[in-house]
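Take a look at the model below before reading on. The report covers overall dimensions, record annotations and helix packing.

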Amino acid sequence: MLLGDLVRLSINSLLSQRLRSLLTLLGIGVGITSVVLLTSIGEGVHRFTLDEFTQFGSNLVAVNPGRTTTAGVSGALINTVRPLTFADEEAIKRLPGVTGTVSVVQGNAAVSFGKRIRRTTVLGTGPAVGEVWRMGVAIGRFLPDDEPRSARSFTVLGSKVADELFRDSSPLGRFVRIGDERYRVIGVMESKGQMLGFDLDDAVYIPTSRAMAMFNLEGLMEIDVLYREGLASRSIAERVKKVLIDRHGSEDFTITTQDEMLKVLGSVLDILTLAVGGLGAISLLVGGVGILTIMTIAVHERTPEIGLLRAIGADRRQIMLLFLGEAVVLAGIGGLAGLLTGAGIAWLLTTFLPALPTHTPWQYALYAELLAATIGLLAGILPAAHAARLHPVEALRTE
Amino acid sequence: MKPLDIIRFAGRAATGYPTRTLLMLLAMAIGVGSVVILSALGEGARRYVIGEFSALGTNLLIVLPGRSETVGGPPPLLGITPRDMTIGDAAALTASSAIRYVAPISVGAAPVSYRALERETTVLGSTADLFPIRQLEMAQGRFLPPGDPERGSAVCVLGHKLKQELFGSAPALGETVRIGDYRYRIIGILSQKGQSVGLDMSDIVVVPVASAQTLFNNPALFRIMIEARDRDAISRAREAVIRIIRDRHEGEDDITVITQDAVLATFDRIFAALTLTVAGIAAISLAVAGILIMNVMLIAVSQRKAEVGLLKAIGTPAGRITTLFMAESAILSLIGAVLGLLIATLAIWILARIFPQFPIAAPLWALAAAVGVALGTGLIFGVLPARRAARLDPVQALARR
C-alpha cells in the first residue's frame, strides 16, 4: 500500500461518516480553541505588563534604604535610622557607566490654585526625570539643574492636575500652593496614563530637598540609577553596592535591578499563562477521549473491511497505520479549525475590547497543532492496535 | 412503559457496549471532576485569604495619613503629608463611644543588636492597645505596659524569630538590646503566631510609640489602628474618626479611613470572580463531553435501527422513543457526573492531607452546578439523536438488510 493510498483510504472513510467525523472534529476543535484563546490572553497580559514596566526604561537600578531580609513591605520606606542622602546620590552619579540618577521622595498633599484644591501625590525628584524615567514635558520645561540642597521652589504639574486646577488657561508662570508653600509652575508633563493602578498624571513634581522639608524626612526614599546601554545590570549593581558600603560602613540598603524584576515578573507570568493553558487543555483531554471512543466504534464496525484488507495481503503494520492515520487526520483537522477559531476570537477581542490585550504567538499555534496531532496519535493507538490484531478469517466471518 | 422499564432499557443498551460506555463516562467524569476540583481550589484560596485577614483582628478600622481625590483608586500607601498625624490625634480618638481600642503605629527599619549579633529588623512603635487589636499572644513576659502614649520608656517586645536569631535558646527576658542608637530592655517575647498579611509579626521588635518616634526622629504616625466596639459601631466609629481628626487639623480632611469590612468584601468579590472564571473554563470540557455523547448516541441510533423499528411496529408512539433515547443520554451523563464527583472528592481529600493549612473544600453550589450542567449537557446533546430515532420509518428500519 502506498502512502497516497493510505491517505485516500483514511479520507474516504472519514467522508463516508460525515456527521460523526464532524462531531469528533468539533470536540478536538473546542479544546484547541480554548487552549489557543486562553494562552493568547495570557501572553497578551504578559506583554502588556512588561510594557508597563519598561516604559520607564530598562537600564534602571533602584536603591532603597533599609535591608529587607524577608519579603513584604519594608518599614524602611517610611523611617530608617540610616537614611540615603544627596551625598550618596552624588557618589553614585560619579561611578563609571552611570549616566543619570534621580532621587525620589513621595508623599500626599493638597495642591491649590485660587479656590480650587486637589489632594494629590507629590513627587520630590531630581532634575533628570526626563532622561531616567523617559518622561517628557508637554509645555514648559522640567525642574532645573539646581544645587540639590537649595533648589528653587519650582513645580511641574502632571497633566491631570493641570487640567483640574487650570481648566483651559495656561498654568505656566502661575503660583500654586503645595502643602503650605508657594511654587511657581514651570511646566506640565505629557500624559502618561496609569501604571498598574497608579495614575502618573495625577501628581506634581517638586525638587527633592523641598519635598523632604515639606514631609519632614531625613533621607531619600529611593535613588533611581540609569546606566549606559549594553552594560550588565549586575556589574552596575555591584559598583553601587561597593560605593554605598564604603560610605555607610555596612549594607543597610536594598538594590533592585530592573532586569531582575522583569525576569521574576516574566517567569511568574509565564507560569500563569501555562496554568491557564492547562485549564483549557482539560477540554482537549476530553476531546481525546472522544477520538478514542469514535475510533473504537469505527474499528468494531469495520471489522469485515479489515478482514478483507488482510485477506488481500495487507500486513498488520499497514492496518495499524491506516487507523492511526485516520485518528491523526481527525485530530489535525480539528486542531487546525480550533486554531483558526481561537486566533479569530482573540483578534476580535483585541479589536472590540482594546483594554484586554491578546497576542497569539505563532509558536504557540504550532504547539497547539502538534498537541492535537499527538492526542490523535495517542487516542488512535489502542483502537489501531486492536484492529491490527484481528485475525483475517475471524474478521471476515463477522459479516 | 413505566419509568423503571425505561431505565432498564437504557441500562441494557449501555452495558451492551461496555468499552464505549466506559469511555463516555470517563469523558463526563473528567469534566465534572475538574470543575469541582478547580472551584474547590478557588474556594480554598478565598477562605485562606479571608482567614488571614480576620487574624488581623475584628471590627478593624485603619486610619492612613493623606487622601487622594481619585475615587476607587488605591489608598495612598506611602501617605506622608505636610501635616502629620500625631499621637495626640490618636489619643483624641478614644473620646468616641464607638471606639474600643486605639493603637497609633509608627514603623521603620533599624538594626537590632545584642552583643556581637546584629539584624536589620522592622521596628514597630505602638501602645498597649495593639495587643488586643492584633490578637497577639505572648510566649514569655508581658506586652508594652499601658500608660501615657506620649511618654516612651526604654522597653521592647521581640518577635519570636528575632529572639531566636539574636539569643538562640538563651533566655532573653530582662536582657538589653541596642536598637539604632538606643538601648531597650526586653520585657516580653511574642508567641509564634506566624505572619499575617504584609507584615511578618515574628521578625519584628515592638517598642512604645514615643520611643520609636525618638528613634526615627519623626513625629508622624504611619497608621492608626482602631477596633470598633462591635460590628454595628464600625460606621459610627468611621464618622467619629473623620470628624475628630478634621477638628484637630483645622477643618481639613487629610486622612483616609479604610474599614476591614470593605477590604474583605473586595477580596471576597475578587476570589468569587476568579473561582467562577476557572470553573467556567473547566466547564468547556463538559461541552466537549456532551458532543461526544451526542456523537455516540447518533451511532447507537443507526446501529439500533431494527430495535427502534420493532418498537414502532408494536405501537410505541414517537414521543416514547424520544424519551427512551433522552433517558439513555441523561443516565449516562448522570453516572459520569457521579463518577466525577467521586474522583474530585478523593483528590480534594488527598490535597487536604498534603496541605493541611490550606482550607480546601468544594462549595456546595459548585457540586450542584457541575452535576446540573452535566445533566443539562446530556439532555441538550441527546435531543438530536433521540429525534432522529423517533423519526425512523418502522418499515424501512425493520427492512434493513
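## Chains and helix packing

Chain A has 12 helices and 12 strands. The model is predicted. Chain B comes to 12 helices and 10 strands.

**Overall dimensions.** Start with chain A. Its C-alpha trace spans about 105 × 50 × 30 Å along the principal axes. The radius of gyration of chain A is 33 Å, whereas a compact globule of 399 residues would have one near 21 Å. Now chain B. Its C-alpha atoms fill a box of roughly 105 × 55 × 30 Å, again taken along the principal axes. The radius of gyration of chain B is 33 Å, against a value near 21 Å for a compact globule of 401 residues.

**Annotated spans in chain A.** The UniProt record, an unreviewed entry, places the feature "transmembrane region" at residues 21–41, 271–299, 320–349 and 361–382 of chain A. The same kind of record, also unreviewed, lists "domain: ABC3 transporter permease C-terminal" for residues 279–392 of chain A. How do these spans look in the model? Three of them, including two transmembrane regions, are set out here.

| Span of chain A | Helix | Strand | Distance between end C-alpha atoms |
|---|---|---|---|
| Residues 271–299 | 100% | 0% | 40 Å |
| Residues 361–382 | 95% | 0% | 33 Å |
| Residues 279–392 | 86% | 0% | 43 Å |

**Helix packing in chain A.** How do helix α2 and helix α8 of chain A pack, and at what angle? Helix α2 (residues 18–54) of chain A and helix α8 (residues 258–301) of chain A have axes 9 Å apart, at an angle of about 180 degrees. Angles over 145 degrees count as roughly antiparallel, so α2(A) is roughly antiparallel to α8(A). The residues in the contact of α2(A) with α8(A) divide into 17 nonpolar, 17 polar and 4 charged.

**Helix packing in chain B.** Two pairs are described here, and α10(B) takes part in each.

The first pair to consider is α2 with α10. The axes of helix α2 (residues 18–55) of chain B and α10(B) come within 6 Å. They cross at roughly 45 degrees. That angle is why α2(B) and α10(B) are oblique to each other. The crossing of α2(B) past α10(B) is right-handed. By class, the residues of the contact between α2(B) and α10(B) are 19 nonpolar, 5 polar and no charged.

Next comes α8 with α10. Helix α8 (residues 260–303) of chain B and helix α10 (residues 318–354) of chain B have axes that come within 11 Å. Their crossing angle is roughly 140 degrees. Therefore α8(B) and α10(B) are oblique to each other. α8(B) also passes α10(B) in a right-handed crossing.

Which residues make the contact between α8(B) and α10(B)? From α8(B) come Ile293(B), Met297(B) and Val301(B). From α10(B) come Phe325(B), Glu328(B), Ser329(B), Leu332(B) and Ser333(B). The contact of α8(B) with α10(B) has 5 nonpolar, 2 polar and 1 charged residues.

Note on methods:
Residues are numbered from 1 along each chain as its sequence is written. Chains are lettered from A and ligands numbered from 1 in the order in which they are written. This is a predicted model: local features need pLDDT of at least 70, side-chain atom pairs count only at pLDDT 80 or more; totals for chains, interfaces and linings use all residues. Side-chain values use heavy atoms; hydrogens and water are left out. Axes are lines fitted to C-alpha atoms, for helices over the stretch in contact, and angles run from 0 to 180 degrees between N-to-C directions. Helices (H or I, at least four residues) and strands (E, at least two) are DSSP runs, numbered from the N terminus. Angles under 35 degrees count as roughly parallel, over 145 as roughly antiparallel, 65 to 115 as roughly perpendicular and the rest as oblique. A crossing is left-handed if the near helix is turned anticlockwise from the far one by less than a right angle, and right-handed if clockwise. Contact means heavy atoms within 4.5 Å. Ala, Val, Leu, Ile, Met, Phe, Trp, Tyr, Cys and Pro count as nonpolar, Asp, Glu, Lys and Arg as charged, and the others, Gly among them, as polar. UniProt positions are given in the numbering used here, feature names are shortened, and annotations may be inferred rather than shown by experiment. The radius of gyration is taken over C-alpha atoms; the globule rule is 2.2 Å times the number of residues to the power 0.38.
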